[in-house]
Amino acid sequence: QQAEREVIASRFGVADRLLIDFAEGHANTPEAVETSYWRAVFKLDPLNFTARPRDAAALLDDYLNAPVTIAHRGAATTLRRAAMALDRPAMPSQPLSSAAAGSTAPAAAAPADAKARDDEMQRLRDELAKANAELERIKKRLSQPNP
């Protein structure tokens, strides 16, 4: 609760330190694992200028790979994807400023934009499939007994 109060006051460093101290003081507990989730959430706050999306993704990886049952698996997975997307440079064909401003493109440009979006979606699906395949390979390798 104190960490949340610090975040509301935009004191992200203090909140992060409180959560780190809690995790260290309560090591090997489910509550300590939850601190990784909350630290990541707070690092993704747009007002937290000292954190990077990559930092949040690393914390979410730790959280998702915890050896205990975790309460926020779906949310953590979604936030990790968002963190990775934020860490990527903006696509030149779709600058954030025009997309955020809600500008309307001429009708002739719409099919080209749709094709670019579809191509990007397919590229991301392929990337996700490769990552999932690699994860499965690692899981299989780790599940095999050591000789």
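Which helix gives the most to the lining of the largest pocket?

## The largest pocket

In this predicted model, the answer is α7, which contributes ten residues to the lining of the largest pocket. The lining comprises 20 residues in total, and the helices that each supply at least two of them are α4, spanning residues 53-64, α5, spanning 73-87, and α7, spanning 109-143. The volume of this pocket comes to about 870 Å³.

Among the lining residues, R80, R81, L128, A131 and N132 are the ones that lie nearest the centre of the pocket. When the lining of the largest pocket is sorted by class, nine residues are nonpolar and eight are charged, while three are polar.

## The enclosed cavity

A search of the whole structure for cavities of 30 Å³ or more finds one, and the largest cavity holds about 40 Å³ of space. Its lining is made up of F12, A15, D16, L19, R39, F42, K43 and N48.

Two helices, α2 (12-25) and α3 (30-43), each supply at least two residues of this cavity lining, and the largest share, four residues, comes from α2. By class, the residues lining the largest cavity divide into four that are nonpolar, three that are charged and one that is polar.

## The helices involved

Taken by helix, the lining of the largest pocket draws at least two residues from each of α4, α5 and α7, whereas the lining of the largest cavity draws at least two from each of α2 and α3.

Conventions
Residues are numbered from 1 along each chain as its sequence is written. This is a predicted model: local features need pLDDT of at least 70, side-chain atom pairs count only at pLDDT 80 or more; totals for chains, interfaces and linings use all residues. Side-chain values use heavy atoms; hydrogens and water are left out. On a 1 Å grid over the protein atoms alone, a cavity is a set of points where a 1.4 Å probe fits but cannot get out, and a pocket is an open set with protein on both sides within 12 Å along at least five of seven lines; lining residues have an atom within 4 Å of a point. Grid points are joined across faces, edges and corners, and a volume is the space filled by probe spheres set on the points. Ala, Val, Leu, Ile, Met, Phe, Trp, Tyr, Cys and Pro count as nonpolar, Asp, Glu, Lys and Arg as charged, and the others, Gly among them, as polar.
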